[in-house]
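Visitor: Hi! I'm new to reading protein models. Could you show me one and chat me through it?

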Amino acid sequence: MTTTRITRATAEASAAALRLDYLSSDHLASQPASWWQNVLGIVGFEKPPSLDGVRVPVTASMTPPLRSNDQLCEVWRVAGAPVRLSNGAARQGRVHYRYSEELLFGSITVEERGVEERALDVEGVMHGDTDGAGVDAGALLRATESAYQEIFAVLRQTGHRHLIRIWNYLPEINRQADGDERYRLFNSARQLAFRNSGQATVGTVPAACALGSPAGSPISIYFLAAREPPTMIENPRQTSAYHYPPKFGRHSPIFSRACVLNASAGTSLFVSGTASIVGHETIHQGDVGAQTRETMANINALLDEANRVGQRRFSLDGLKFKVYVRRPSDLGAIEGVLARSLRPSTPIVYLQADVCREDLLVEIEATGEPDRQVGRIM
Ligand code: 3EB
């Protein structure tokens with residue numbers, strides 16, 4: 001018995017503690033080389049931060065921040081036990097990545113222009129499902145398809161086969177392209193890429209979000225993957241996105257409502273982009289306050305569900321939030337609602353982004369740690 005206990009304690013102590021922080025680019029630029037040893041990746045908001053000589057993946061969501069003026073960045077690290085990360089930022093195709101034994105961070109940006117020449121090899125893949133798509137739609141389809149294929153190729157290569165969370169930012173997400181909304185085209189290409197890479201398209205699919213960035217931005221995608229499978233969480237108040245009816249697009253969006261990392265200490269709950277949707281319908285059209293309250297009801301339902309299926313206990317207090325606001329003039333109303341449900345010390349980043357349904361005014365994602373267990377014997 002003693003042996004078992006020691007083995008388990010050792011395993012837990014050596015588990016990499018994934019950690020998320022929002023730090024200013026000035027703060028990052030002033031860190032010594034040693035500080036970067038356990039950094040998996042950096043995500044700027046409006047644009048990638050300029051960090052000279054830094055050898056980790058650095059990307060940006062291209063979504064302008066609405067409140068902070070100190071160039072915040074999203075910083076992913078593994079902390080705690082002595083961790084060994086892969087050297088610097090590796091590259092395979094257009095994917096930049098860095099990893100520990102357990103976890104991998106990666107990013108890819110793709111320009112849609114010029115994609116025709118580069119991705120002719122996906123012609124066969126697209127044939128049938130997307131036949132007849134015009135040049136504009138075709139470029140988005142191919143860019144998305146090839147980005148996901150490259151991501152899955154990296155995960156096969158390093159053995160971090162389980163995509164746990166993926167952030168998708170595409171320019172002009174609600175614009176029509178050759179008679180179809182760009183978000184719906186993205187959904188088609190994403191689903192095809194999953195299928196063609198042998199990935200499940202229901203159930204064990206990653207937590208995700210998909211937001212709009214300004215015209216002229218590249219498609220920007222970043223992700224976390226793990227060697228061990230996470231536990232996927234669905235929201236009892238919502239239809240699973242991968243089962244949305246066809247009126248929301250020919251191919252359903254492929255994502256889970258949330259997931260929990262099993263092996264990792266530290267940050268381990270990933271709540272997908274969450275909005276004012278009950279069942280599969282948008283509710284409270286035109287009422288940003290009510291949409292924000294409904295979104296928080298959905299996040300609370302996901303916390304209940306995570307606590308029902310898992311061993312550890314999560315609450316709003318352990319989470320960090322990113323709030324995507326369609327109309328900057330709604331910011332005050334959204335902040336007012338959140339002030340009633342979250343502690344003043346809660347980290348919240350507000351970003352301007354178009355949400356993937358035209359009638360959604362706000363979308364909220366959350367990431368964080370379980371509550372400290374009281375009286376737990378180590
Ligand atoms: C929704 O619930 C709102 O397409 O990856 C949320 C999270 C949404 C992820 C995605 C879309 C995505 O359908 C939109």
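Visitor: Okay, let me just pick a residue: is Ile219 buried or exposed?

Guide: Ile219 is buried, with a relative accessible area of 2%. Here buried means under 20% relative accessible area, exposed means over 50%, and partly exposed is in between, using a 1.4 Å probe and the protein chains only.

Visitor: Before I go on, what kind of model is this?

Guide: This is a predicted model, where local features need pLDDT of at least 70 and side-chain atom pairs count only at pLDDT 80 or more, while totals for chains, interfaces and linings use all residues. Residues are numbered from 1 along each chain as its sequence is written, and side-chain values use heavy atoms, with hydrogens and water left out.

Visitor: Cool. Back to Ile219: which strand is it in?

Guide: Ile219 lies in strand E12, residues 219-226. Helices (H or I, at least four residues) and strands (E, at least two) are DSSP runs, numbered from the N terminus. The C-alpha atoms of Ile219 and Leu140 are separated by 8.8 Å, with the two residues 79 apart along the chain.

Visitor: Now the ligand. How many residues surround it, and which are the closest?

Guide: The ligand has 13 residues around it, and the closest are Tyr183, Arg190, Tyr244, Arg257 and Cys356. A residue is near a molecule if one of its heavy atoms lies within 4 Å of it.

Visitor: What kinds of residues are in that shell?

Guide: Nine are nonpolar, one is polar and three are charged. Ala, Val, Leu, Ile, Met, Phe, Trp, Tyr, Cys and Pro count as nonpolar, Asp, Glu, Lys and Arg as charged, and the others, Gly among them, as polar.

Visitor: And where along the chain do they come from?

Guide: Helix H6 (182-196) and strand E11 (207-213) each supply at least two of the shell residues. E11 gives the largest share, three residues.

Visitor: Which side chain has an N or O atom 2.5 Å from a ligand oxygen?

Guide: That's Tyr183. For Tyr244, the distance from a side-chain N or O atom to an oxygen atom of the ligand is 2.7 Å. Arg257 has a polar side-chain atom 2.8 Å from a ligand oxygen. The protein buries 99% of the 360 Å² that the ligand exposes when taken alone.

Visitor: New topic: what's up with Met62's phi?

Guide: Phi of Met62 is near 70°, which is a positive value in a residue other than glycine. Met62 lies in the loop between strand E3 (58-60) and strand E4 (72-79), and Met62 is buried at 13% relative accessible area.

Visitor: How about Asp178: where is that one found?

Guide: Asp178 is in the loop between strand E9 (176-177) and strand E10 (180-181). Phi of Asp178 is near 50°, again positive in a residue other than glycine. Asp178 counts as partly exposed because its relative accessibility is 48%.

Visitor: Last two, then. Why does Ser276 count as buried?

Guide: Ser276 counts as buried because its relative accessibility is 0%. Ser276 sits in the loop between strand E16 (269-274) and strand E17 (277-278). A polar atom of the Ser276 side chain lies 2.8 Å from the backbone oxygen of Ile283.

Visitor: And which strand holds Tyr99?

Guide: Tyr99 is in strand E6, residues 95-99. At 27% relative accessibility, Tyr99 counts as partly exposed. The C-alpha atoms of Tyr99 and His160 are separated by 8.8 Å, and these residues are 61 apart along the chain.

Note on methods. Polar contact = N/O pair within 3.5 Å; in protein donor to acceptor, adjacent residues only side chain to side chain. Areas by Shrake-Rupley, 256 points an atom, 1.4 Å probe, with all protein chains shown as cover.
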